[in-house]
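Q: Could you walk me through one part of this model in some detail? I'd like to see how a single helix sits among its surroundings.

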Amino acid sequence: MRAARLSVLTAVTVVSALTAVTGCTEKSDAKSGDRVINVTATDSKCTTSAKQISAGHIELAIENKGSKVTEVYVLFPDDRVVTERENIGPGTKQRVTAEVKAGEYQIACKPGMKGDGIRQDLKVTGGKVAARDPRLDQAVAAYRSYAQEQADATLPLAKTFAAAVEAGDLEAAKKAYAPSRIGWERTEPVAESFGDIDPKVDVREDGLEEGQDPAKDWTGWHRLEKSLWQDKKITAADKTLAKQLITDLTDWQNRVGKAEITPTSMANGAKELLDEVATGKVTGEEERYSHTDLVDFKANVEGAQKSYELLKPVAKENDAALVTELDKQFAALDALLDKYRPNTSSYAFTSYDKVGKADRKELSDAVNALAEPLSKLAAAVAK
Amino acid sequence: MTQDRSGIPSRRALIGWGGAGLALGAAAAGGAVAMTRTGEDVDPAAAETGAAVAFHGPNQAGIATPVQDRLHFAAFDVTTTDRAEFVRLLKDWTEAARRMTAGKAVGEGGYGGLPEAPPDDTGEALGLKPSRLTLTVGFGPSLFEKFELTDRRPDALIDLPKFAGDALDAARSGGDLCVQACADDPQVAVHAIRNLARIGMGKVVIRWSQLGFGKTSSTTPDAQTPRNLMGFKDGTRNIAGTETDRLDKFVWVGEKDGPAWMTGGSYLVARRIRMHIETWDRTSLQEQEDIFGRDKGEGAPVGKAKERDEPFLKAMLPDAHVRLAHPDSNNGSTLLRRGYSFTDGTDGLGRLEAGLFFLAYQRDVREGFVRVQRNLATDALNEYIQHVGSAVFAVPPGVRDKDDWWGRTLFSEEA
């Protein structure tokens, strides 16, 4: 939603115009008539005065003639919100303005402020025909496939891990733990955008909310990590947790293809992956029992790099120096990480408790060196 | 133009037209920052009004400048191997320093830019006055090993020898370069280091940094001499910012000293000196005064009535601190001291992690700090202090004008 607002709309103003206090509403309607779409909402209908308008500044003059409080949206075809006005009481009028570019939209009235609403098509034509750069659409599509591939590839690995836990095989479970997380870590910002899956599968004990009981409410990878490395035993509860992990990850696999992804969210997601590294992995907090932090670290960087590579053709046109710097810093961080694995085709990294203070600082410095320019990528693709 | 009553542009006012172009900013700076570096700027009112200290001049600001109340000192290591990239950083730093010392935000400011991008300036100094911020850059011995500069390393920039009692922590020592940020407002000093570190990411990394409060030496003799954490007045006989003859004799590198690129520069020794606060506090007043060689209340030398009376060294115990550190005991060696007290919380044993962050500027390290510190080997004070961090830097001359940059004389062949 945020990205849509940033890239499509240059200005959104909401004008509240209760009839009781604005006597001149009718006059102003007449003045700017061709830019105004009258929307008449009732409890069962949503009538619009125009189905087509030229691109640019538009204004919705909304009147609620129904008995329920309503809300009115302008939506993209995929239901992202262009603009909205909530809490329009019965018998009142409201105005909403927006800048829209050419494209297909829908106006939705939601009597009772519930459900999908009653919809009318709106076609916006001409004007500054500034549809998104098709290369960015391709980047989003490619990233969407990548996120799906990562989820698809993760499930079998997670099932191997879960099976080992259910079989009570401590060593096999430990071995399968880190590999089962790689696909998740590569695409974590997408999974986090759903809000409900991440707290179930990837929360750490200190990440539980107030009132949550670690004995009952702590689920997912890290609870099992603690059992395997700290408690050194697999309980019946752990076996149930392993089953639950697969259920939750299957939910992720089913939903990941429908995630809201934009070029800006890809760029910001890349930065967020580096933030994850900076605050969780470099400190050794993420994998405090297994010390497999460098596996997550590598996966986070790979996921960030994927987003970056897809956005690079556009970013390069807008900010060539940034691309040069990012290429350099990704390569430097990759090279540094490779010092911690004997075989660069494997994800078997040095246990993080064996990485000394000076080496951790070196890793932290390399993350900062990459993350700082990476924070400028979103602006370079939004230009 | 928005100015407050004192005629000094506030950061908030200045940032407003960050996007309006540099011409406006330059005009404002010209009007507001009228003071010169040394001598004339000893203005007691300046601290109260939060004035700006001129950035341009033959020497870097922050040496002879009246000592501000707060410090953030950072030592950096260079990670880039590309000389051109490092030079670009020095230029970017100079521009950022030029703006921050004038009370302006870095780059395009702290807000109002592209919503998709993080702001250029981190924002915590918006609305604050320039607060006499000075930023002073120095180059450590290890920098000359990089970028093939070994033949340009000054002879006076030696690696400090090991002194008796040193317990140096490598993680708090050394550095390829340093930035000393001094300001009357700690937030302004921290903002400056934070933004320079951010601009430097990918090219340099912070090796260590130190916050300081409570200046322990003054370069303004008319002002009250500050006290260190041991409760004694410190730096009574320090070189004043107005004493141009002593500055030329003891602080600034002269044309004949060489190398040419250092003319107008100086050498900085930084020492993190931990004080054993708790044992000191249990020491009798008599012993405390004997150790320093001055009385605690007035600060007068042994046998004298007033702080500024000429000390009679032979009246002091042979191991008294003032006696051993005095120029007369060191072939005339005189340092410009600019140290700050520090308290970094407590150590794991519940003791104050506190002391003196000693900063001394001199014309030649061999004839300055080294000579004095060797003489302090028998200092009675050593029982209560420990040197735990150490660094030495060549501080290049000042940035002359808007086209000049930190280190130009070292990195440009013309010098």
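A: Start with what lies over helix H13 of chain A: the cover on its buried residues includes helices H11 (263–281), H12 (293–318), H14 (357–374) and H15 (377–382) of chain A, along with helix H4 (83–101) of chain B. Keep in mind that this is a predicted model, with an ipTM of 0.79 and a pTM of 0.77 from the predictor for the complex.

H13(A) itself takes in residues 320–338, which makes 19 residues. From first C-alpha to last it reaches 27 Å, close to the 27 Å expected at 1.5 Å a residue. Its buried set is made up of A:Leu322, A:Val323, A:Glu325, A:Leu326, A:Gln329, A:Phe330, A:Leu333, A:Asp334, A:Leu336 and A:Leu337. Look down the helix axis and these buried residues fall within an arc of 165 degrees, so they line one face of H13(A). Turned away from that buried side is a face carrying the exposed residues A:Ala321 and A:Thr324.

As for the wider setting in chain A, UniProt (an unreviewed entry) puts the feature "domain: Imelysin-like" at residues 139–377. That span is 70% helix and 0% strand, and its end C-alpha atoms lie 14 Å apart.

Since chain B supplies one of the covering helices, H4, a word on confidence there: its mean pLDDT is 88, and 88% of its residues reach 70 or more. Over residues 1–9 of chain B, though, pLDDT is below 50, and the stretch has 15 contacts in the model beyond near neighbours in sequence. Residues 12–42 of chain B also stay under 50, with 51 contacts beyond four places in sequence. Where pLDDT is low, the predicted coordinates shouldn't be read in detail.

Notes: Residues are numbered from 1 along each chain as its sequence is written. Chains are lettered from A and ligands numbered from 1 in the order in which they are written. This is a predicted model: local features need pLDDT of at least 70, side-chain atom pairs count only at pLDDT 80 or more; totals for chains, interfaces and linings use all residues. Side-chain values use heavy atoms; hydrogens and water are left out. Helices (H or I, at least four residues) and strands (E, at least two) are DSSP runs, numbered from the N terminus. The expected span of a helix is 1.5 Å times one less than its number of residues. Buried means under 20% relative accessible area, exposed over 50%, partly exposed in between (1.4 Å probe, protein chains only). The arc is that of the directions from the helix axis to the C-beta atoms. Contact means heavy atoms within 4.5 Å. pLDDT is the predictor's confidence in each residue, from 0 to 100. UniProt positions are given in the numbering used here, feature names are shortened, and annotations may be inferred rather than shown by experiment.
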